[in-house]
Amino acid sequence: KTNYPAYYPGSRQRRCSIKETYECLGSNRVTAAESTESRGCVQNPQDHVVICECGTPGETGYENSALKTEAFGPVLAIVELDSSSDYSKENKDNNNREDKSNSIINYAQNVLGPFLNNKNNIYGSLSCALIS
């Protein structure tokens with residue numbers, strides 16, 4: 001595991017602040033993925049990737065500060081969107097490929113899209129989203 005050092009001014013401090021916020025919520029809410037080497041400089045623990053478990057929007061314990069603070073550094077926030085909606089259950093047991101495709105599109109349009117486009121949920125655009 002090789003990482004690149006944070007180079008934006010203040011990014012290490014923002015990363016540490018986000019990490020502290022999630023540590024206060026419990027040890028299961030944050031993990032630091034330690035790197036074995038760093039490119040271009042001496043290994044710094046503040047450059048390790050921080051993985052934050054935000055929870056599910058609307059549920060008790062949900063914390064979205066990692067989504068609303070642009071760290072400009074190695075922070076990954078995991079959000080679990082509601083999968084109990086009719087859009088995600090639609091045609092779940094159906095083996096028809098077209099029906100499953102329509103279900104995914106409906107979920108994206110009615111759950112995923114509105115969440116991502118609401119600036120009360122996510123601030124800024126310098127981020128990467130992995131959707132599974």
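The following conversation goes through a predicted model of a protein chain and asks what its descriptions rest on.

Biologist: What is the pattern of helices and strands along the protein chain?

Modeller: Read along the sequence, the pattern is β-α-β-β-β-α-β-α-α, and the secondary structure comes to four helices and five strands. Of the 132 residues, 26% are buried.

Biologist: Why is Cys52 called buried, and why is Cys24 called exposed?

Modeller: The relative accessible area of Cys52 is 0%, and since buried means under 20%, Cys52 is classed as buried. Cys24 has a relative accessibility of 70%, and because exposed means over 50%, Cys24 counts as exposed.

Biologist: How do you know that the count of disulfides is zero, and what does Cys52 show about it?

Modeller: A disulfide requires two cysteine sulfur atoms within 2.5 Å, whereas the sulfur of Cys52 has its closest cysteine sulfur in Cys54, at 6.3 Å, which is too far for a bond. By that rule the count for the model is zero.

Biologist: Which side chains of strand β4 point to the buried face, and which to the other?

Modeller: In β4, residues 49-55, the side chains of Val50, Cys52 and Cys54 point to one face and are buried, while those of Val49, Ile51, Glu53 and Gly55 point to the other and are not buried. In a regular strand the side chains alternate between the two faces of the sheet.

Biologist: What makes β4 a partner of both β2 and β5?

Modeller: Two strands pair if at least two bridges are found between them; β2, residues 30-33, and β4 have four bridges, in the antiparallel sense, and β4 and β5, residues 75-79, have five, in the parallel sense, so both cases satisfy the rule. Cys52 takes part on each side, with Val30 of β2 as its bridge partner and with Ala77 standing opposite in β5.

Biologist: How do you know that the buried residues of helix α1 line one face?

Modeller: The buried residues of α1 are Ser11, Arg15, Cys16, Ile18 and Tyr22, and seen down the helix axis they fall within an arc of 160°, so they line one face. These residues pack against β2, β4, α2 and β5. The helix itself, residues 11-23, reaches 18 Å from its first C-alpha to its last, close to the 18 Å expected for its 13 residues.

Biologist: Why is Ser11 called buried, and which residues is Ser11 in contact with, leaving aside neighbours within four places in sequence?

Modeller: Ser11 lies in α1 and has a relative accessible area of 1%, and because the limit for buried is under 20%, Ser11 is called buried. With those neighbours left aside, its contacts are Ala6, Ala71, Phe72 and Gly73. Ala71 is 60 residues from Ser11 in sequence, yet the two C-alpha atoms are 5.5 Å apart in space.

Biologist: Why is the pair of Tyr8 and Phe72 called tilted?

Modeller: The ring centres of Tyr8 and Phe72 are 4.9 Å apart, and rings pair if their centres lie within 6.5 Å. Their planes stand at 45°, and since stacked requires under 30 degrees and edge-to-face over 60, the pair is tilted. By this rule the count is one aromatic pair, and the pair links distant parts of the chain, with Tyr8 in the loop between β1 and α1 and Phe72 in the loop between α2 and β5, 64 residues apart.

Biologist: What makes Tyr8 and Phe72 partly exposed?

Modeller: Tyr8 has a relative accessible area of 40% and Phe72 one of 32%; because neither value is under 20% or over 50%, both residues are called partly exposed.

How values were computed:
Residues are numbered from 1 along each chain as its sequence is written. This is a predicted model: local features need pLDDT of at least 70, side-chain atom pairs count only at pLDDT 80 or more; totals for chains, interfaces and linings use all residues. Side-chain values use heavy atoms; hydrogens and water are left out. Buried means under 20% relative accessible area, exposed over 50%, partly exposed in between (1.4 Å probe, protein chains only). Helices (H or I, at least four residues) and strands (E, at least two) are DSSP runs, numbered from the N terminus. The expected span of a helix is 1.5 Å times one less than its number of residues. The arc is that of the directions from the helix axis to the C-beta atoms. Contact means heavy atoms within 4.5 Å. Rings of Phe, Tyr and Trp (its six-membered ring) pair if their centres lie within 6.5 Å; planes under 30 degrees apart count as stacked, over 60 as edge-to-face and the rest as tilted.
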